[in-house]
Amino acid sequence: MVERIVTKRFDNVNAHELAEYEATGGYQALRKALNMTPTQVHDEVKAASLLGRGGAGFPAGVKWGFCPPNKWPRYLVVNGDESEPGTYKDRQLLERDPHMIIEGCLLACYAVGLTQCFLYIRGEMAHAQERVAKALNDAYAAGYVGKNVLGTDFSVDIVLHWGAGAYIVGEETALIESLEGNRGMPRLKPPFFPAAVGLYGQPTIVNNVETLANLPWIIDNGADAFAAMGAENSKGTRVFAVSGHVNNPGVFEVEFGVTTFRDIIEKPEYAGGVRDGKKLKAFIPGGASAIWFFDEHLDLPLEKAAIDQAGSMLGSGAIVVMDEDTDMVRAAHNIVRFFARESCGKCTPCREGTTWLERILSRIIAGHGRPSDLSLLTEVCDNISPGMAWPPRMTTICPLGPSAVSPIASVIERFRNEFDEYITLSDRSLIEVTAAGGGA
Amino acid sequence: MSDAPKTDDTDVTVADAEVTEIEAPEVPAPPPGVPITVNGETVHATPGRMLIDACEDAGVYVPRFCYHPRMTPVGMCRMCLVEVDTGRGPALQPSCMLTVSDGMIVDTESEATKKAQDGVLELLLINHPLDCPVCDKGGECPLQDQTMSYGPGESRFIEEKRHFEKPIPINDNVFLDRERCILCDRCTRFAQEVAGDPLIHFIDRGNNTQVNTFPDDPFSSHFSGNTVQICPVGALTAKPYRFKARPWDLTEIESTYPNAMGDRITIQSSRNEVLRYLGVDSDAVNWGWLADRDRFSFESTMNEARLTAPLVRGGGLGAPDPAGAELVGSTWSAALAQVAAALDAARVNPSSIGVIGGARLTNEGQYAWAKLAKGVLGTDNVDAQLGDGIPADVLCALPRATIAEACAPGGTVVIIGTDPKEELGTLYLRLRHAAIHDDVKLIELTATETGLSRQASMSLRVRPGDLGVVADAIVRGDETAEIGLTSTADIAAAHAALNAADQVTVIVGSGSLAEHTALTVEAINAFASRSKVKFLSALRRGNVHGAIDLGLAPGLLPGRTSLEAGRSWFNDKWPTTPAETGHDTAAMLAAAATGKIDVLVLLGADPLIDFPDPELARAGLAGARMVVAVDLFANDSVYAFADVVLPAAACGEKSGSHTNLEGRVSAVRQKVTPPGTARADWMIAAEVAMHLGEDLGFESSTEVTDEIAAVSPLHAHATAAAIEDAADGVLLGNASTGGPARFVWQDLGAPSPATPLDRYSFRLCIDRTMYDHGTLTLSAPSLAPLAAPGSVRLHPSDANALGVVDGSAVRLSSKRASVEGPVVVDARVARGVAAIAHNHAGLDARALIELDAPVTDIRIETL
């Protein structure tokens, strides 16, 4: 088993306390970094080739360099609005090791010269909010955060912001809108990146929680040690949340790009195989937005490029396993319903289309399906995401709408027989007889 | 080697020169902008222009719902998706969010585009109730129209549609049907971005998203009617028009609304009844917006209380009143004969004739009455303002700015004596836009915060009475101590801002009724002493700027010339000119009160309500031997004192022209016939002249317009034909084109300091609101309820010191009188100031005004 970087304190139930964190090497990376120049810290992160862990997988060190020169102030925003169904790695990190995230924020701010950081935590994660709030207060009191950190010239403020409960706020521009006090709706692009125009119109770096969690280890152990782990284009480790029909669901840190789906689903130290010895029917490789994978994809490595090539995405690191008993129509409906509920309502195709999809699927499940429904589902999907291709083409501003297309695109061809069963069972004569019988 | 190219060069040069000489006139200049391809045609467009607009410039309409050229694009509806290739292959892009770039290839008719349009329309329609047959928007509905042009033939949606409670009122006049709403964000963006009243918003999310107000907090905006006009479906409807007509039954004409902004409007009517005004997007003026007071004011002209026949006190047709107490219906010939007889008797002594009002007339009506009074009867007792404005000779001496100059990017605007949001709605919208989007610095010097305070780069509180001294200190950079409420630091900051500015526009309102006009003049004087300054008058009454331009003021002749300077010029053109400078309204009323006025003509004027001193107004009206009123309604003054009443035509019932505050003359057009025998004002003047045996020399409104252009050098370009052709009107400007000399600004020197305050007193400020108890507001059923009851507004700390809260009854006492009324606690009012809006029910503060003092101080006692 590979060395754990971000989950190394998960077995220690007191790791969220400052004393325990300090006793297990906490804030040593900060002390070390403060004796380096910011550029050295930045270079170290660049050399580690740390990819963003939020979904898009962009190198963090490079992203930090994207702010236009001479435009100040700029901000660090930590995206802790983890809401993708099946994803719960950031929540675990925030709950179990909040000081590590704070230390990560401090290192990022020091490297890029920022003095203001906003930590945005999803509204529903009450326990994580409490833990982080306590940790932040303790860190302020201990002089790790605030004015003149550890007696140096480096000053930084970290503001904890609790979300109001919208999935779309995981989209970085919507998160910035929400942070500004507006309705969480994605911004128009261009400008494409908050690094150019972000929070309060200023250059803003938005990083995922797990991305920042890697920083203390990288500074402690050096970029070379980090880059020694993982595959050629996926350095270090990565945390995956495995859920669904497995024996041992949970959060697992694995070597990035080397471990395969088969490893993480079947190995006893990870998810431990499909529940009750059943056969695997399908699995979602990277959160609810991803196109589903099947048996033939099990030996793909958990690596961005390979999965992109196979037609899906690694996304937020959520693997959802479905066994052979799973009703694929209901499974697709479950996910479509999530996106329909979470659509912000801005773009017509997403607002109207996702709900329409959900209602057609509900109707099919309720026994009122019609043979034409399958082509209608495909047509509606096509209006949200032309061609239903991967990566999706969009008629919307953000990818939420096209995400709702993924489950339908995944199952409508491969499991057409399951739809047909529902639709055949909804024989009109049967329904009418029932209705007439009820009336008589 | 070096020779050969040289020879070539020489040859080429010679050849080029020849070609240039011969063919240059035929070679078209390269069009501005960069080339883009729209549906296979190469056109030129300015880089940075929105693609949707560039396509429209090229004659290709891209369907849209959310995009509005006067608001920030949001890209919500996705209707304007087109296939665009910027070098990376064609992709669907919203043309309302994409700006033009060199070499862009756009296809608005490709298969992919058409499929996207089909898809978006089908999706928009799945939840849209198809209640078009009972929807007011049916027939003029962008959703309906674009579904016909671009949409699928039928829907495949068989589920139940989304349901909401059918129309809910979001304010007194606007209803919202959320089932019809397609969530385009136009109304909500308008409220937030344009009007600055973010009181409607999206709530809930996804498919349950709806537009609504905050609980218990209505969309109380002065501009709510605009949301109805820009709604692309029938979700927002306005009470005054609901279920009144179908669009295909309406006929329309473009005209100018008679407010001081000269907002461009479309008047729509059916069966000779005006049913709706719509704003016209005029770049120069109102950008398509209208204030609700103006938009819904057509109700007042349609009011059954309108005068439809001449009235004569005592005599008349049908049932004469022998006691002579009542106004009784009469005929035009009888009424005009009576007026003519009185004028004929009075004209031996022209100064016994007075004319008050005229600011609500068209230019033609104003000129006709000016010519009748000054050029035929020879009296100079003519004043369109009722002692509540700015002296006309002062305004005429100032360089006039245009709205565009005031709003030019990076400029500086000083606002004194007005709250544009309350007085000139569309000027407020233009200034707000300029401050937010064009980096225009607003510096306001007012006794209360205004609607623009949040956008102002400096919002200084000035105690009534101190304005002249403060303005002088700001312009000169006085380092003295604070002046009243205005701190030394504020004065220094404003001075620095003014010094840093190049061209400055000063917007001058009429100020508080309780302040002497001389104080406003002092402030104007202070700013006028600066170089590179222009002025924009914010007098609000209708066509008051036309009235001043056309000589409806003592000492003035048409064309902004003085009586003295213009006498010889007009002696050639008019039968006579006044022998001496006449009285303004105050002096006329005073003369009438002492029996020196034989005939007093009220041209759409109500001195009892509008003149600052109601007692003098009453005495003057009572003392005039004969009062002739030309009006739409029997207002208070008319009802109580007029001996002869002549019914006039209102907006939409007459044609001619209108002058706005920047001197823009635009066309006023007739849509419906006036009620009964009411007629245009110029016609009434001509008929009075005819009964006097005189001929004013014109028989149609266009003849009057052309005579104005012929006799007034200022109006030389504003011929009837030119006004008819100019969509944005004809700007008179300041340039003299010969003719008599014009007013020249004369520095009056430094103003005198204001009188000190007694520690316990409040300084009275009588300001104006959009909805007051004016005749036009009260006679429009949809507007009348919006006029709040009268109250005295006090700063919270003052209210606290007095021990009063909202609604507490207080007695206000000045040296002159006492009145009682309720308190409203308002943090926007400066400390030590008691602000009372003019002309609201239950509290007439004019009684308190000490007319000879520059300001009025009052005591406040709790009851």
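**Exercise 1. The contact between the chains**

Task: In this predicted model, find how many residues the contact takes from chain B and from chain A. Then find which helix gives the most to the side of chain B that touches chain A.

Solution:
- Step 1. Count each side. Chain A gives 26 residues to the contact, and chain B gives 24.
- Step 2. Look along chain B. Helix 3 (residues 111-126) of chain B contributes seven residues, the most on the side that touches chain A.
- Step 3. Sort that side of chain B by residue class. It holds 14 nonpolar, six polar and four charged residues.

**Exercise 2. Domains of chain A**

Task: State the domains into which chain A is divided. Then describe how domain 1 of chain A meets domain 2 of chain A.

Solution:
- Step 1. Set the bounds. Domain 1 covers 18-227, domain 2 covers 233-323 and domain 3 covers 328-425 of chain A.
- Step 2. Take the centres over C-alpha atoms. Those of domain 1 and domain 2 of chain A lie 26 Å apart.
- Step 3. Count the contacts. In chain A, 19 residues of domain 1 touch 19 residues of domain 2.
- Step 4. Name the helices on the domain 1 side. Helix 5 (89-96) and helix 11 (223-227) of chain A each supply at least two residues there.
- Step 5. Sort the side of domain 1 that touches domain 2 in chain A. The split is seven nonpolar, eight polar and four charged.

**Exercise 3. Two crossing helices in chain B**

Task: Work out how helix 10 of chain B is placed against helix 25 of chain B, and explain why the pair counts as roughly perpendicular.

Solution:
- Step 1. Take the axes. Helix 10 (residues 363-377) and helix 25 (residues 701-711) of chain B come within 9 Å and cross at roughly 70°.
- Step 2. Classify the angle. Angles of 65 to 115 degrees count as roughly perpendicular, so helix 10 of chain B is roughly perpendicular to helix 25 of chain B.
- Step 3. Give the hand. The crossing of helix 10 of chain B with helix 25 of chain B is left-handed.
- Step 4. List the residues that meet. Helix 10 of chain B brings B:Asn363, B:Glu364, B:Tyr367 and B:Ala368. Helix 25 of chain B brings B:Ser701, B:Val704, B:Thr705 and B:Ile708.
- Step 5. Sort the residues of this contact. Four are nonpolar, three are polar and one is charged.

**Exercise 4. A barrel in chain B**

Task: Trace the closed barrel of chain B, then follow strand 31 to strand 35.

Solution:
- Step 1. Read the strand order. The six strands run 31-35-32-34-33-36, and their pairing is mixed.
- Step 2. Add the twist. From one strand to the next it averages 45°.
- Step 3. Pick one pair. Strand 31 (residues 762-767) and strand 35 (residues 833-837) of chain B run parallel, joined by five bridges.
- Step 4. Locate a partner. B:Leu764 has B:Ala834 in strand 35 of chain B as its bridge partner.

Conventions:
Residues are numbered from 1 along each chain as its sequence is written. Chains are lettered from A and ligands numbered from 1 in the order in which they are written. This is a predicted model: local features need pLDDT of at least 70, side-chain atom pairs count only at pLDDT 80 or more; totals for chains, interfaces and linings use all residues. Domain bounds come from an automatic or database domain assignment. Two residues are in contact if their C-beta atoms, placed from the backbone, lie within 7 Å. Helices (H or I, at least four residues) and strands (E, at least two) are DSSP runs, numbered from the N terminus. Ala, Val, Leu, Ile, Met, Phe, Trp, Tyr, Cys and Pro count as nonpolar, Asp, Glu, Lys and Arg as charged, and the others, Gly among them, as polar. Axes are lines fitted to C-alpha atoms, for helices over the stretch in contact, and angles run from 0 to 180 degrees between N-to-C directions. Angles under 35 degrees count as roughly parallel, over 145 as roughly antiparallel, 65 to 115 as roughly perpendicular and the rest as oblique. A crossing is left-handed if the near helix is turned anticlockwise from the far one by less than a right angle, and right-handed if clockwise. Two strands pair if DSSP finds at least two bridges between them.
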